[in-house]
Amino acid sequence: MNTKKKGYLLSVLGIALIFTALYFFINFRSTENSLFNLTYILLGIGSGIFGHGLGELIIVYSKNQNLKKSINIQKNDERTIAINNLSKAKAYDAMIYIFSALIMIMAFMNINPVAVIISVSAYLFIIFTNVFYKIKYNKEM
Amino acid sequence: MKNRLEELRKEKGVNQEKLAEILEVSRQTISSIENGRYNPSILLAFKIAKYFGKKIEDIFIYEEESNEY
């Protein structure tokens with residue numbers, strides 16, 4: 001998908017989510033409907049996606065070629081990519097310990113077992129994703 | 001790994017900004033390579049070598065690390 005298409009798609013999706021949030025806010029404000037809880041989440045996600053999409057479109061339609069070029073260079077710069085990947089790897093390492101400590105705390109707090117099971121499943125999913133990509137890249141490289 | 005990038009760049013009379021633009025990387029990347037804080041990918045090393053009309057080993061000097069256990 002090219003940047004222009006992606007920009008339009010994200011902007012439209014963002015606006016759609018914002019309007020859905022408004023619809024939920026207006027219609028379910030006075031009722032006990034659980035969909036009302038989604039309002040603020042949708043508004044947050046919608047605004048984020050819309051902002052990202054609009055950013056892409058501004059770059060595409062920008063008449064300032066130098067700005068366009070420098071943004072592209074900054075985006076594809078190998079050192080920036082290496083730094084981003086390294087930071088993500090460090091954050092992943094930290095997350096593994098933080099997540100496991102959190103699950104232990106949750107288990108000792110005697111909270112609803114369903115919540116603990118969901119957290120453990122998410123933790124295992126992340127671990128398996130790591131293993132999956134290790135195998136994939138091992139074959140590719 | 002040491003390199004002669006700064007020396008060659010100054011010889012050629014280009015600044016970091018211009019070299020970065022030619023090689024399609026950021027100015028910080030050039031600065032980091034010159035300071036020895038960042039080792040470029042083989043692709044970028046080839047680009048640099050091609051730009052200066054030299055071999056990679058003429059620009060980047062490999063130093064064997066002494067492994068002391």
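**Where the chains meet**

How many residues of chain B are in contact with chain A, and how many of chain A with chain B? In this predicted model, chain B puts 11 residues into the contact, and they meet 6 residues of chain A. Put together, the two chains bury about 770 Å² between them, with 48% of that on carbon and sulfur atoms. On the chain B side, H3(B) makes the largest share of the surface that touches chain A, at 3 residues. Sorted by type, that side of chain B comes out as 4 nonpolar, 5 polar and 2 charged residues.

What about specific pairings? Salt bridges between chain B and chain A number 0. Polar contacts do turn up: 5 residue pairs across the interface qualify, with both partners at pLDDT 80 or more.

**The largest pocket**

The largest pocket has a volume of about 240 Å³, and both chains help to line it. From chain A come Asn66(A), Lys69(A), Ser70(A), Ile73(A) and Gln74(A). Chain B brings Glu17(B), Ala20(B), Glu21(B), Val25(B), Ser26(B), Arg27(B) and Gln28(B).

Which element gives the most to this lining? That's H3(A), with 5 residues. Three helices each supply at least two lining residues: H3 (65-76) of chain A, plus H2 (16-23) and H3 (27-35) of chain B. So far as residue type goes, the lining is a mix of 3 nonpolar, 5 polar and 4 charged residues. H3(B) thus shows up in two places, as a supplier of pocket lining and as the biggest contributor to the side of chain B that touches chain A.

**Salt bridges**

Over all chains, a search of the whole structure turns up 6 salt bridges. One pair to look at sits within chain A: the side chains of Glu56(A) and Lys6(A) meet at 3.6 Å, N to O. Why does this pair tie together parts that are 50 residues apart in sequence? Because Glu56(A) lies in helix H2 (residues 38-61) of chain A, while Lys6(A) lies in helix H1 (residues 3-28) of that chain.

**Chain B on its own**

Chain B is built from 5 helices and 2 strands. Reading from the N terminus, its elements go β-α-α-α-α-α-β, with a strand at either end of the run. As for dimensions, the C-alpha trace of chain B spans about 45 × 25 × 20 Å along its principal axes.

Methods
Residues numbered from 1 in each chain as written. Chains lettered and ligands numbered in written order. Predicted model: local features only at pLDDT ≥ 70, side-chain atom pairs only at ≥ 80, totals over all residues. Heavy atoms only, no water. 1 Å grid on protein atoms, 1.4 Å probe; cavity = no way out; pocket = protein on both sides within 12 Å on 5 of 7 lines; lining within 4 Å. Points joined across faces, edges and corners; volume = space filled by probe spheres on them. Helix = DSSP H or I, 4+ residues; strand = E, 2+ residues; numbered from the N terminus. Nonpolar A, V, L, I, M, F, W, Y, C, P; charged D, E, K, R; others polar. Contact = heavy atoms within 4.5 Å. Buried area = accessible area lost by both parts, 1.4 Å probe. Salt bridge = Lys/Arg side-chain N within 4 Å of Asp/Glu carboxyl O. Polar contact = N/O pair within 3.5 Å; in protein donor to acceptor, adjacent residues only side chain to side chain.
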